[in-house]
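Trainee: I should like to take a close look at one part of this model, the surroundings of the ligand. Which residues come nearest to the ligand, and which elements give two or more residues to the shell around it?

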Amino acid sequence: MTQGLFITFEGIDGAGKSSHVQALADALRGRGRVVTVTREPGGTPLAEQLRSLVLNDAMDPLTEALLMFAARRDHLLRVIEPALARGEVVLCDRFTDATFAYQGHGRGFDRQVLATLECWVQGVPGLPAGTLRQPDLTLWFDLAPEVAAGRLAAARAPDKFESQPVEFFRRVAAGYADRMAEQPARFARIAADQARDAVWSDVLAALRQRGWLA
Ligand code: TYD
């Protein structure tokens, strides 16, 4: 059977990752892969309910982190793990790196606590003891916070995170850089300040390099 593949898309709000999720799904389907496209927080009925709470209601940072990981646990068990077990490609718009970047670096919440939650939530049944479900590849769309803010202002009414000041997104971006430094093999940094076609070429190149796209 074809091996399952778990690919996540990350970056600050306004970095432009989301349109590439669908484009990559189409490209992989065109090559015969079965693709599940999903997002966090969300991806199941329960997790989508948590999403609307966490993106709109004020709450303390621990509550926020717990809700992100609660949504993630439900999503992993109901959607991500079954799809990987069927040998599908799972494309997920955000995952745990977002929690480290937004709740950890952005909000300043204790990253040791986040690491503990990560272990609890991503130690899923079926994996060898002591191993966690992690993405096979994380595409990090890296864009200067000032540029991203300009794009967002033109786009839509902001949610709780999108309305944060540029300084918040500087910390979030530093959080992504940190995660990449800790786990470099899992990450591909995509320069998101290029024209869309160039960004897309870099996305394809990251998959080709790993032998996942003929
Ligand atoms: P986003 O992908 O930006 O959704 P949309 O493009 O539909 O607005 O994700 C929603 C927000 O949730 C985004 O601002 C980042 C935030 N977020 C966290 O703070 N922590 C997390 O763990 C995740 C997954 C998302």
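Mentor: The account below deals with the ligand and its shell. This is a predicted model, in which local features need pLDDT of at least 70 and side-chain atom pairs count only at pLDDT 80 or more, whereas totals for chains, interfaces and linings use all residues. Residues are numbered from 1 along each chain as its sequence is written, and side-chain values use heavy atoms, with hydrogens and water left out.

The shell around the ligand holds 17 residues, a residue being near if one of its heavy atoms lies within 4 Å. D13, K17, R94, T99 and Q103 come nearest. By class, the shell divides into nine charged residues (Asp, Glu, Lys and Arg), six nonpolar (Ala, Val, Leu, Ile, Met, Phe, Trp, Tyr, Cys and Pro) and two polar (the others, Gly among them).

Three side chains place an N or O atom by an oxygen atom of the ligand: T99 at 2.5 Å, R94 at 2.8 Å and K17 at 3.0 Å. Taken alone, the ligand exposes 540 Å², of which the protein buries 91% (Shrake-Rupley method, 1.4 Å probe).

The elements that give two or more residues to this shell are α2 (45-56), α3 (61-85) and α4 (96-106); helices here are DSSP runs (H or I, at least four residues), numbered from the N terminus. Of these, α4 gives the most, with four residues.

Notes: A polar contact is a pair of N or O atoms within 3.5 Å; within protein, one must be able to donate a hydrogen and the other to accept it, and residues adjacent in sequence count only if both atoms are side-chain atoms.
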